[in-house]
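Take a look at the structure below. This report walks through how its chains meet, then turns to its nonpolar cores.

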Amino acid sequence: MRLVMGNEAVALGALAAGCDFYAGYPITPASEILEGMAHLLPPRGGVFLQMEDELGALAAVVGAAWGGARAMTATAGPGFSLMQEHIGYAAITQTPCVVVDVQRGGPSTGLPTLPSQGDAMQARWGTHGDRPAIVLTAASVREAYDATIRAFALAEQYRQPVVLLLDAVVAHMREPVDLPPPPPPSRQRPRPSAEPPFGEHPFTPFGSGRAVVVTGLSHDDEGLPRTGSARASERMLRATEARMAADPALGGLTSYRLDGARLAVLSYGVTARVARAAIDALRGAGQAVGGLELTVLWPFPEQGVVDLAGQVDAILVPELNLGQMVLPVRAAVAGRCRVESLGRADGTLFQPDDLVAAVRAMPHDSPVGREARHA
Amino acid sequence: MPRIGEDLQRYLRTEMMPTVWCPGCGHGNIARAIAAALEHLAYDPERVVLVGGIGCSGRTPFYFRTNALHTTHGRALAFATGLKLARPDLKVVVVTGDGDALAIGGNHFIHAARRNLDVAVVLYNNSIYGMTGGQQAPTTPVGARSTTSLSGAIEPAFDAVELAMAAGASYVARTTTFDVQEMPLLIADAIEHPGFALVEVLTQCPTYYGRLNRLGEAPEMLLWERDQTEPAQAPITREEMAAGRPIGVFRREVRPEFTRSYAALCERLGAGADG
């Protein structure tokens with residue numbers, strides 16, 4: 001057991017997942033991941049590369065992935081904006097890779113180093129066009145470690161870029177965790193494959209025994225931009241998204257004291273930890289309040305939220321933004337219960353008392369709300 | 001070196017032809033020179049990656065039986081940097097245009113040169129944006145017309161050779177599509193060079209640059225290329241460089257190369273022999 005910083009846990013999680021290539025660009029509050037990988041990778045024979053900008057960083061990661069590397073980058077708000085074009089490129093070229101975004105206040109240079117959850121929607125929709133998206137998040141150092149390992153596994157399973165969204169609190173805080181030592185480096189070499197390189201076929205990086213054509217243009221399963229290839233790319237995007245939607249293992253929800261709850265706080269990242277404290281306080285005061293925490297933002301774990309809407313009278317969605325994940329929550333709930341957004345984007349965290357007050361102010365058509373109002 | 005007319009089908013993906021390039025465009029001549037260079041060097045197509053950006057030049061990789069990485073606008077060298085570090089055993093050839101390499105991709109261009117990354121860069125310079133319809137490029141000479149400089153360009157142009165030399169490239173050459181015998185030799189030379197190797201090829205765009213500047217069709221433009229340039233012997237003086245548009249090899253030096261320096265660093269820090 002030792003004290004580990006969230007960003008350090010990401011680097012260690014990446015090594016545990018077999019990551020052997022990192023390219024990045026300095027940016028707060030993600031720089032400790034860059035520095036950690038600069039320290040950890042070279043003695044293992046892995047590649048650490050500091051690029052000239054974030055566009056170049058993700059480009060290098062995608063290039064390395066086609067060289068057969070398990071590759072990742074990490075950045076923060078403005079850098080994540082710059083990476084959007086290559087997230088789209090990785091999506092249409094079905095390139096497995098991992099992008100960590102330690103969110104910070106925006107838009108633009110915004111609030112350097114101060115915590116935010118403002119990239120939840122950008123992580124889903126930031127690139128132009130449609131794409132299947134997997135976006136994970138974490139509320140603790142241990143979760144950041146586990147989510148990083150999981151991001152690599154999902155990236156390879158689905159042949160897609162996977163985004164891990166952290167916030168500056170989780171990234172910078174130290175918690176006592178017991179992490180295994182990194183495994184010895186294991187350099188995978190591409191295995192020969194006779195299958196077409198795209199569509200529903202396995203990932204076959206360069207050097208798999210046949211020449212591969214990779215392009216960001218719509219292409220067929222052979223990778224070539226030809227007549228009908230727009231339909232082939234659409235088919236691939238739809239099929240990938242459908243597989244994600246049908247995968248029960250993707251999950252994405254953790255419940256906290258939901259038994260008998262008539263009112264719920266739905267949250268993620270550092271806000272989920274504040275929510276727990278608020279729920280404990282409210283439960284202590286005899287109120288039937290519970291929590292639902294998102295660990296996968298996208299694909300949005302819709303069914304769990306539909307089920308929650310059947311149980312409670314109202315859902316509070318506190319976020320360190322002006323109301324982003326509340327949108328898919330509202331869409332999933334579809335009027336079955338009340339949904340309240342509580343947002344802030346001033347670089348400060350919610351205090352438990354803020355959430356307690358917000359829950360108590362919930363509409364009085366719910367029994368809990370009525371009770372709170374008279375309390 | 002394979003002569004014109006010789007079979008290059010081992011390297012060319014003929015089923016993707018005809019190409020997207022306009023009649024009279026010089027890009028096909030450059031593609032042929034790359035294929036001839038690969039044939040001359042007898043590389044296994046499966047061990048070669050052609051990395052392209054966006055624009056007319058960026059389409060080149062589709063016409064080759066090598067691995068192809070057709071990337072985003074301006075970023076071919078950034079993709080190539082990651083790929084080459086991950087797989088130093090693969091031969092990486094980057095094809096790019098003047099807008100792709102020197103405008104949107106200018107930053108990656110100078111940094112790849114600074115690192116002395118072991119890639120060969122073939123820069124197709126037609127002095128204009130072709131694929132988007134003939135707009136001004138950072139290589140459009142002062143006074144030249146484009147659809148965004150109909151009264152003549154007022155911005156000074158970049159000289160790719162000088163830029164690459166200043167940024168630290170260890171091999172720098174220039175040729176033209178008129179010089180069909182020399183072009184594949186220079187490209188083969190650049191591919192074999194252990195470091196960042198630039199071959200700038202002046203190429204004709206009769207559709208836009210030629211039409212807008214009344215330079216005629218492809219044959220007239222090839223002669224115009226010939227008349228614009230002067231063979232030079234390295235080392236070339238600044239005066240010669242400024243006086244005209246010399247062609248030839250301007251620099252060929254062996255300097256510490258990035259992937260080898262990186263491997264040495266890993267070894268010094270205790271990485272295994274196969275690191």
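## Where the chains meet

Chain A brings 44 residues to the contact, and chain B brings 38 residues. Keep in mind that this is a predicted model. Between chain A and chain B, about 3100 Å² of area is buried. Carbon and sulfur atoms give 63% of that area.

## Polar links across the interface

How many salt bridges cross the interface of chain A and chain B? The rule finds one. In a salt bridge, the side chain of A:Glu52 meets that of B:Arg115, with 2.8 Å from N to O. Polar contacts also link the two chains: 17 residue pairs are counted, both residues at pLDDT 80 or more.

Several elements of chain A build its side of the interface. Strand S3 (47-50), helix H3 (54-66), helix H4 (77-92) and strand S9 (213-215) each supply at least two residues that touch chain B. Which of chain A's elements gives the most to this side? The answer is H3(A), with eight residues.

## The nonpolar cores

The largest nonpolar core holds 162 residues. Some members touch the most others: A:Phe21, A:Met37, A:Met72 and A:Val100 from chain A, and B:Leu69, B:Phe109 and B:Phe196 from chain B. Helix H6 (residues 141-158) of chain A provides the largest share of this core, nine residues. Domain 1 (2-177) and domain 2 (252-374) of chain A each add at least three residues to this core.

A second core is separate and has 41 residues. Among them are A:Leu224, B:Ala31, B:Phe64 and B:Val201.

Definitions and conventions:
Residues numbered from 1 in each chain as written. Chains lettered and ligands numbered in written order. Predicted model: local features only at pLDDT ≥ 70, side-chain atom pairs only at ≥ 80, totals over all residues. Heavy atoms only, no water. Core = buried A, V, L, I, M, F, W, Y, C linked by side-chain atoms within 4.5 Å. Buried < 20%, exposed > 50% of the residue type's maximum accessible area, 1.4 Å probe, protein only. Helix = DSSP H or I, 4+ residues; strand = E, 2+ residues; numbered from the N terminus. Domains from an automatic or database assignment. Contact = heavy atoms within 4.5 Å. Buried area = accessible area lost by both parts, 1.4 Å probe. Salt bridge = Lys/Arg side-chain N within 4 Å of Asp/Glu carboxyl O. Polar contact = N/O pair within 3.5 Å; in protein donor to acceptor, adjacent residues only side chain to side chain.
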